[in-house]
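Visitor: I'm new to this one and would love a close look at a single part. Could you start with one strand and tell me what surrounds it, then move outward?

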Amino acid sequence: MPSRDLIIVGAGPSGLSAAIAAKQRGLDYHVLEQGTLVNSIFRFPPQMVFFTTPELLEVGGLPFVSPYEKPTRAEALRYYRKVVDTFDLQIAFAEKALSVSRETEDGADLFAVETISSRGVRRVRHGRNVVLAIGYYDHPNVLNVPGEDLPTVHHYYGDPHPHYRQRVVIVGGGNSAAEAALDLFRAGAHVTLVHRWPELKSTIKYWVKPDIENRIREGSIAARFNTCVNEIRPTSIVVRGAAGIEELPADAVFLLTGYHPDWDLLSRAGVALDARGAPAYDPDTFETNVSGLFVAGGAISGKDTAPIFIENGRFHGEKIVDAIARRAARA
């Protein structure tokens, strides 16, 4: 069976950095991406502005030039397209990894990565090493409450326009919830923010935090702190707070309560996960407890996604490929 030195699952910044390093080292590699290039960034709200500066989003040493201190989503998408074209990276788009397992061929251990394309075509790709640069944005943290699967409930925020003059409830207290609340309010929606803790998260972007706090203080955006969701109904949401049970009218509900990596894919591949869902890995090489299987970027985060950003995850791929190349040189 034909096999490669390295299969990289995920064409986000950390997966691209691994691909660039592999190409520069002369390794036979291939990138598998279930959606489009930098799929998570593509799914961000169109008006999103990054927290970081352009140079901290760079991969492969290619400059990210922007006229703004904080680059936009559109600029980032354009930059990563340029990265792929400049390095002529091998990427199979719309091909989702279903499983990663071990196989033996002529006495050599190989990984078999089973995939399915957007058209339903299944295939198995083989590699001596695998990098799971799968991020965490595809798996929202669910509340496990009745009504969470209603069509009025969303785990991702996009454009505010459809919610003009609607009653919208946003559940969450982080950056995504704050930005969505402000965007919807300014687009003419009647917004209520529900958060289970007594105050908003301190990690909210420094230019967003005073804005959302002032809107709540003046009553432009209603807020329910120390409040949890009991049930979601077709035109309302039932919450429980200090004052007891309350039913809030809601034409739309956004559950912006965070995301997590694909724990099922990791665990079925044999990767040990701790109580927070973080995989076991060597911090120097990012190799998991499964020899030859590496994790990069947001895949290492478990439930605690806040410490993993593009600006630090982009270096994981280089370290992984360096470890693979050194191991190959000793063989």
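## Starting at β1

Guide: Let's begin with a pairing: leucine 6 in strand β1 has tyrosine 29 in strand β2 as its bridge partner. Strands here are DSSP runs of E with at least two residues, helices are runs of H or I with at least four, and both are numbered from the N terminus. Two strands count as paired if DSSP finds at least two bridges between them. β1 and β2 (residues 29-32) do so in the parallel sense, over four bridges. To get from β1 to β2, the chain goes through helix α1, and this β-α-β crossover is right-handed (with the strands pointing away from you, the path from the first strand over the helix to the second runs clockwise).

One thing to keep in mind: this is a predicted model, so local features need pLDDT of at least 70 and side-chain atom pairs 80 or more, while totals for chains, interfaces and linings use all residues. Numbering starts from 1 along each chain as its sequence is written, and side-chain values use heavy atoms, leaving out hydrogens and water.

β1 has another partner too. Five bridges join β1 to strand β6 (residues 122-132), and these two also run parallel. Here arginine 4 has glycine 127 of β6 as its bridge partner. How much of β1 is buried? Five of the six residues of β1 (residues 4-9) are, so the strand is largely enclosed by the rest of the structure. Buried means under 20% relative accessible area, exposed over 50%, and partly exposed in between, using a 1.4 Å probe and protein chains only.

Now back to α1, the helix of that crossover. The axes of α1 (residues 13-24) and α8 (residues 316-330) come within 7 Å and cross at roughly 40°. (Axes are lines fitted to C-alpha atoms, for helices over the stretch in contact, with angles from 0 to 180 degrees between N-to-C directions.) On the α1 side, Ser14, Ser17, Ala18, Ala21 and Ala22 meet Gly317, Glu318 and Val321 of α8, where contact means heavy atoms within 4.5 Å.

Glycine 127 also helps us place a residue elsewhere: its C-alpha atom is 31 Å from that of leucine 56, and the two are 71 residues apart along the chain. Leucine 56 sits in the loop between α2 (39-42) and α3 (73-87). With a relative accessible area of 32%, leucine 56 is partly exposed. Not counting residues up to four places away in sequence, leucine 56 touches Ile310, Glu311 and Arg314.

Moving outward, there's an open sheet of five strands, in the order β7-β14-β8-β9-β10, with parallel pairing. β7 (153-154) and β10 (222-224) are at the edges with a single partner strand each, so one side of each has no neighbour in the sheet. Inside this sheet, four bridges join β8 (residues 167-171) to β14 (residues 252-255), and valine 169 has valine 253 of β14 as its bridge partner. Helix α4 (residues 175-186) lies across β8, β9 (190-194) and β14, running at about 170° to β8.

Last stop: an open sheet of three strands, β11-β12-β13, with antiparallel pairing. Its edge strands are β11 (228-233) and β13 (244-249), each pairing on one side only. Ignoring direction, neighbouring strands of this sheet are turned by 20° against each other on average. β11 and β12 (residues 236-241) are joined by five bridges, and cysteine 228 has arginine 240 in β12 as its bridge partner.
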